[in-house]
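Good morning, and thank you for the time. May I ask you to look at the sequence and the structure together before I begin?

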Amino acid sequence: VHRGVVPAALGGSGGIGAVNLLTRRVPSHPYLEASVGSFGARSLRAGAGWISRDALTGLDVVAHARRADNDFTFLDHHQTFHNTADDSLRTRTNAWLREWGAWVGASRLAGRVALRAGAGYTRRDGGRPGPLTYLSPHATVRHEHGDLRLRADLDDGLLTADLAAGRGDERLHDPRGEVRSRDPGSSRSL
C-alpha cells in the first residue's frame, strides 16, 4: 500500500495513493475465461504460462477482449428534480464500449537477483453519450495505452531498481460538434 504520492511504476498519477496487488506465480497451463452480462456485455480472457524445470525462469502471456452496448433504460428527470410531471423513460444511446489488449511478462532468478520484465497494450473504443442535457450521439472516443516495466530485486526486495514507462493516446472524434461546438472534428491528447 502506497499512501500519498503514487510511485511512477504504478502510473504516477493521483495524490491519494495506490495499492499494488501481487498475483500468484504464472500458471503452467493455458486458460480461457468467458463472461456474459446484461446490455450486451461480453468478455473473453485467455492466457498461458511457462516455468522452467528448475523454476528459475518464467514467461506468461494474457490477452483479453470485452464489449458492452450499455443501452439501458433510465428515468430522465430533465434536470427538474422538483417537477415529476416532465419525467420520462429513455434508453441510453452511444454508450457502447469495445476493448482489447495483451500483456506479456518474463522473470528470471539469477542467484540473489530476481529480474522481471513486462509489456502491455490496451485499446478501448467507445461512444461518448454525453450528459443528459448535452447529448453527443455521434461522438466517439479511442484510448490506446502501452506500458513497459523492467525490475531487478536484490534479496527479495532489499534493494530494488525499477524502470517503468507508459504512453497514452486519447482521441475524440466529434464530427458534428456535439462535444466541442466551436471546433468540430477530431482532437488528440498524448
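Arg151 is partly exposed, with 26% of relative accessible area. Its side chain meets that of Asp153 in a salt bridge, at 3.1 Å from N to O. Please note that this is a predicted model. Is Asp153 buried or exposed? Asp153 counts as buried, because its relative accessibility is 6%, which falls under the 20% limit for that class. The pair also belongs to a wider arrangement: a network of salt bridges links Arg151 and Asp153 with Arg116, Arg149 and Asp162. Over the whole structure, the search finds 14 salt bridges.

Let me turn to another of these pairs. Arg142 and Asp125 form a salt bridge in which the closest N and O atoms are 2.7 Å apart. What does this pair tie together? Arg142 is in strand E10, residues 140-154, and Asp125 is in strand E9, so the salt bridge ties together parts that are 17 residues apart in sequence. As for accessibility, Arg142 is partly exposed at 29%, whereas Asp125 is buried at 15%.

Asp125 has a further partner. The side chain of Arg123 makes a polar contact of 2.8 Å with the side chain of Asp125. Arg123 lies in strand E9, which covers residues 113-127. Setting aside residues up to four places away in sequence, Arg123 touches Arg98, Glu99 and Trp100, and also Arg142, His143 and Glu144.

Arg124 is likewise placed in strand E9. At 33% relative accessibility, Arg124 counts as partly exposed. Which side chain does Arg124 join through a polar contact of 2.7 Å? The partner is the side chain of Glu99. With residues up to four places away in sequence again left out, Arg124 touches Arg66, Leu97, Arg98, Glu99, Val141, Arg142 and His143. Leu190 lies 66 residues from Arg124 along the chain, and the C-alpha atoms of these two residues are separated by 15 Å.

I continue with a third salt bridge, that of Asp69 and Arg67. The closest N and O atoms of this pair are 2.4 Å apart. Both partners are partly exposed: Asp69 has a relative accessible area of 26%, and Arg67 has one of 24%.

Arg67 leads us to a loop. Where is Ala41 found? Ala41 lies in the loop between strand E3, residues 31-36, and strand E4, residues 42-51. Beyond its neighbours within four places in sequence, Ala41 is in contact with Ser35, Val36, Arg67 and Ala68. Ala41 and Arg66 are 25 residues apart in sequence, yet their C-alpha atoms are 7.4 Å apart in space. The relative accessible area of Ala41 is 25%, and the residue is therefore partly exposed.

The next topic is the nonpolar surface. Trp50, Leu59, Val61 and Val104 make a nonpolar surface patch of about 330 Å². Val104 has its place in strand E8, residues 97-110. Its relative accessible area of 34% makes Val104 partly exposed, and this value passes the limit of over 30% that patch residues must meet.

I close with the chain as a whole. How many helices and strands are there? The chain has zero helices and 12 strands. Why is the chain described as more spread out than a compact globule? Its radius of gyration is 22 Å, and the globule rule gives 16 Å for 190 residues; the radius is well over that figure, so the chain is more spread out than a compact globule. Along the principal axes, the C-alpha atoms fill a box of roughly 70 × 35 × 35 Å.

Three totals complete the description. Of the 190 residues, 20% count as buried. The accessible surface comes to about 13000 Å², and carbon and sulfur atoms account for 58% of that surface. Finally, among contacts between residues at least 6 apart in sequence, 43% join residues that are at least 24 apart.

Conventions: Residues numbered from 1 in each chain as written. Predicted model: local features only at pLDDT ≥ 70, side-chain atom pairs only at ≥ 80, totals over all residues. Heavy atoms only, no water. Helix = DSSP H or I, 4+ residues; strand = E, 2+ residues; numbered from the N terminus. Polar contact = N/O pair within 3.5 Å; in protein donor to acceptor, adjacent residues only side chain to side chain. Contact = heavy atoms within 4.5 Å. Patch = residues over 30% accessible without salt bridge, like charges linked within 9 Å, V, L, I, M, F, W, Y side chains within 5 Å. Areas by Shrake-Rupley, 256 points an atom, 1.4 Å probe, with all protein chains shown as cover. Salt bridge = Lys/Arg side-chain N within 4 Å of Asp/Glu carboxyl O. Buried < 20%, exposed > 50% of the residue type's maximum accessible area, 1.4 Å probe, protein only. Rg over C-alpha atoms; globule rule 2.2 N^0.38 Å.
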